[in-house]
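Colleague: I haven't looked at this one before, so could you walk me through it?
Modeller: Gladly; here it is, and we can take it one topic at a time.

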Amino acid sequence: MDSKMKIRGASELIDYLAGERAWRRVELTSIANALAKISSRDPKIRERRNAIVFSYAHWEGFVKNASIAYLKCIFSKSRPFSSLAANLQALVCRQELLVAQGATRRINPHLAVVSRLVDCRDFNCSADASQLIDTESNLNAEVFADICISVGIDFASRWATWGPFMNDLVRYRCQIAHGEFFEPEEDFSQECVDFVIKAMDSYATDLENMVLQGVFLRQ
């Protein structure tokens, strides 16, 4: 995502997410069509392997860009620190918290955290959304759960059942990307494509609903 792109409201976020899904869906559909032409006499293992790699790439890319766009939308308007939901307050304070974590015998970093949480609670806050989301290049279930918590999605109720599949997708993608020979099961590559197309829609819906319902504000 272009770090300079502005997302100034719900309508712009919805449009952006629709565009992100559209071009990715075109490529994934093309991959699915190629998989459908594979026969038992011509298994085309390379196409199956490529489908896994591309599916993962689109999933990681979409989650990262969509999450950043959501945060850009939230931080596009000036809001007091105290008005934000706890997950967003934690994101805004992340740098101070990281510094304080390593300063066990120095008071100033700890004072910075207290100042942010108490003294600055009524001041408007902003944050560089592009620096707040990290897919760690291995978007397994644990990393995705952390991103969900960061933006305010309940991973346990919405996404946990997909956790094992996410981990399989990451594991097999890494094997292929690192030059290991891995022959996917006949249906797994298609399942990867289907998962990403469906999951992109679900994740976009989660983000859109949170903006429209004001979930980002402290209740």
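Modeller: Before any areas come up, a word on how they are obtained: accessible areas come from the Shrake-Rupley method with a 1.4 Å probe. Please also keep in mind that this is a predicted model.

Colleague: Okay, so about how much area does the protein expose, and what share do carbon and sulfur atoms supply?
Modeller: The protein exposes about 11900 Å², and carbon and sulfur atoms supply 50% of that area.

Colleague: And what percentage of the residues is buried?
Modeller: Of the 219 residues in the protein, 45% are buried.

Colleague: How many helices and strands are there, and in what order do the elements run?
Modeller: There are nine helices and two strands, and read from the N terminus the order of elements is α-α-β-α-α-α-β-α-α-α-α. As for contacts between residues at least 6 apart in sequence, 77% of them join residues at least 24 apart.

Colleague: Let's go to single residues. Where is R24, and is R24 buried or exposed?
Modeller: R24 is found in helix α1, which covers residues 10–36, and R24 counts as buried because its relative accessibility is 5%, where the cut-off for buried is under 20%.

Colleague: What does R24 touch, then?
Modeller: Leaving out residues up to four places away in sequence, R24 touches A57, H58, G61, F62, N65 and M200.

Colleague: What about D206, buried or exposed?
Modeller: D206, which is found in helix α9, is buried, with a relative accessible area of 7%. Apart from neighbours within four places in sequence, D206 is in contact with I153, R158 and W159.

Colleague: Switching to R94, where does R94 sit and what does R94 touch?
Modeller: R94 is in helix α4, residues 94–101, and is partly exposed, with a relative accessible area of 31%. If residues up to four places away in sequence are not counted, R94 touches L132 and S150.

Colleague: How far apart are the C-alpha atoms of R94 and L132?
Modeller: They are separated by 8.5 Å, while R94 and L132 are 38 residues apart along the chain.

Colleague: Last topic, the surface: which residues form the negative patch?
Modeller: The negative surface patch is formed by E185, E186, D187, E191 and D194. Taking E186 as one of them, that residue lies in the loop between α8 (163–177) and α9 (188–213).

Colleague: Why does E186 count as exposed?
Modeller: E186 counts as exposed because its relative accessible area is 65%, and exposed means over 50%.

Key:
Residues are numbered from 1 along each chain as its sequence is written. This is a predicted model: local features need pLDDT of at least 70, side-chain atom pairs count only at pLDDT 80 or more; totals for chains, interfaces and linings use all residues. Side-chain values use heavy atoms; hydrogens and water are left out. Patches are made of residues with over 30% relative accessible area and no salt bridge: like charges are joined within 9 Å, nonpolar side chains (Val, Leu, Ile, Met, Phe, Trp, Tyr) within 5 Å. A salt bridge is a side-chain nitrogen of Lys or Arg within 4 Å of a carboxyl oxygen of Asp or Glu. Lys and Arg count as positive and Asp and Glu as negative; His and the chain ends are not counted. The place of a charge is taken as NZ of Lys, CZ of Arg, CG of Asp or CD of Glu. Helices (H or I, at least four residues) and strands (E, at least two) are DSSP runs, numbered from the N terminus. Buried means under 20% relative accessible area, exposed over 50%, partly exposed in between (1.4 Å probe, protein chains only). Contact means heavy atoms within 4.5 Å.
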